[in-house]
Amino acid sequence: MYMKRPIAILISLALLILSYPLQANSLPKQFLDKMAELKQPLTRHVIVVDVTSQKLFLYNDHKIVTSYPISTSSKGTGQESNSYKTPLGAHRIAEKIGQNAPINAIFVERKNTGKIWSPLPKGKREKVDLVLTRILWLEGLEKGFNQGIGKGGKSVDSFQRYIYIHGTNAEDLIGTPASKGCIRMKNEDLISLFAFVDSGSLVYISYF
């Protein structure tokens, strides 16, 4: 009788692990299926953004290295230009911008302004959405979905939409959908991620 409870617990844990797609030693199946469909070779480092949990997972050689809380769009997910929504699907890092910039450096149109953002006193919030510290500029890999023109004749191009992974002056909102389409990270977390990944590293954005 005493053996049944531990066995039941182990079975429950095993089922939980099997049901959760973001596992420590394997890339998500839907990502692998999409790469096979696109005939896109895997990169050593892969970023997986889970819109559901508002987390970014960094994989190295198919294994999760670490995860970070993030913010995707407050308007949800979507592909069209001017929707202010976060695009889904397969991407790659087209450009890394801001190497060696100080933390909280302010970028405007991907240029380091030389100014440093200082947090406001506790309880006060800025109305402006700043791009800080580093930029990982994303390029869609799925033609007609997040690259080029969509079925409705509108641009769905993530690169032309200027979709970034970037630092933010709204760190208190990280972990909730709060951006205007980009993927926001805490500034220290972004410095860590930026140092790890390469230009060309794959990025997959989805619900899990």
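# Exercises on a predicted model

Setting aside neighbours within four places in sequence, Asn146 is in contact with Gln79, Leu88, Gly89, Ala90, His91, Gly140, Leu141, Val156, Asp157 and Ser158. The model in which these contacts are found is a predicted one, and the exercises below work through several of its regions.

**Exercise 1. Determine where Asn146 lies, whether Asn146 is buried or exposed, and which backbone oxygen lies 3.2 Å from a polar atom of its side chain.**

Solution. Step one is to place the residue in the chain: Asn146 belongs to the loop that runs between strand E7 (131–140) and strand E8 (164–168).

Step two is to look at its accessibility, which is 0% in relative terms, so that Asn146 counts as buried, given that the cut-off for this class is under 20%.

Step three is to follow the side chain, one of whose polar atoms lies 3.2 Å from the backbone oxygen of Ala90; Ala90 is also among the residues with which Asn146 is in contact.

**Exercise 2. Describe how strands E1, E2 and E3 are joined, and identify the turn residues that have a positive phi.**

Solution. Begin with E1 (residues 45–50), which pairs with E2 in the antiparallel sense over six bridges. Within this pairing, Ile47 stands opposite Leu58 of E2. The two strands form a hairpin with four residues between them, and in that turn Gln54 has a positive phi of about 55°.

Continue with E2 and E3 (residues 63–71), which are likewise antiparallel and are paired over six bridges. Here the bridge partner of Phe57 is Ser67 in E3. This second hairpin has two residues between its strands, and Asp61 in the turn has a positive phi of about 50°.

Finally, consider how far E2 (residues 55–60) is covered: five of its six residues are buried, and the strand is therefore described as mostly covered.

**Exercise 3. Compare the surroundings of Lys39 and Asn82, stating for each the loop, the phi value and the relative accessible area.**

Solution. As background, most residues other than glycine have a negative phi.

For Lys39, which is not a glycine, phi is nevertheless positive, at a value near 55°. The residue lies in the loop between helix H2 (29–38) and E1, and with a relative accessible area of 75% Lys39 is exposed.

For Asn82, phi is again positive, at about 70°, although the residue is not a glycine. Asn82 is located in the loop between E3 and strand E4 (89–97), and its relative accessible area of 65% makes Asn82 exposed.

**Exercise 4. Explain why the buried residues of helix H3 are placed on the same side of the helix, and name the exposed residues on the face turned away from that side.**

Solution. First list the buried residues of H3 (residues 187–196), which are Asn187, Asp189, Leu190, Leu193 and Phe194. These residues cover an arc of only 145° around the axis, and for that reason they fall on the same side of H3. The face turned away from this buried side carries Glu188 and Ala195, which are exposed.

**Exercise 5. Locate the residues covered by the UniProt annotation "active site", and work out why they can be said to gather at one spot.**

Solution. The annotation comes from an unreviewed UniProt entry and covers His166 and Cys182. Although these residues span 17 residues in sequence, no two of their C-alpha atoms are more than 7.5 Å apart, so they gather at one spot. Both His166 and Cys182 are included in the lining of the largest pocket.

Next, take the two residues in turn. His166 lies in strand E8 and counts as buried at 2% relative accessibility, and its contacts beyond four places in sequence include Cys182, Arg184 and Leu190. Cys182 is found in the loop between E8 and strand E9 (183–185) and is buried, with a relative accessible area of 12%; among its contacts outside four places in sequence are Ser73, Thr86, Tyr164 and His166.

The last step follows the contact to Thr86, a residue in the loop between E3 and E4 that counts as buried at 0% relative accessibility. A polar atom of the Thr86 side chain lies 2.9 Å from the backbone nitrogen of Ser73, and the contacts of Thr86 beyond four places in sequence include Ser73, Gly181, Cys182 and Ile205.

Conventions:
Residues are numbered from 1 along each chain as its sequence is written. This is a predicted model: local features need pLDDT of at least 70, side-chain atom pairs count only at pLDDT 80 or more; totals for chains, interfaces and linings use all residues. Side-chain values use heavy atoms; hydrogens and water are left out. Buried means under 20% relative accessible area, exposed over 50%, partly exposed in between (1.4 Å probe, protein chains only). Two strands pair if DSSP finds at least two bridges between them. The arc is that of the directions from the helix axis to the C-beta atoms. A polar contact is a pair of N or O atoms within 3.5 Å; within protein, one must be able to donate a hydrogen and the other to accept it, and residues adjacent in sequence count only if both atoms are side-chain atoms. Contact means heavy atoms within 4.5 Å. UniProt positions are given in the numbering used here, feature names are shortened, and annotations may be inferred rather than shown by experiment. On a 1 Å grid over the protein atoms alone, a cavity is a set of points where a 1.4 Å probe fits but cannot get out, and a pocket is an open set with protein on both sides within 12 Å along at least five of seven lines; lining residues have an atom within 4 Å of a point.
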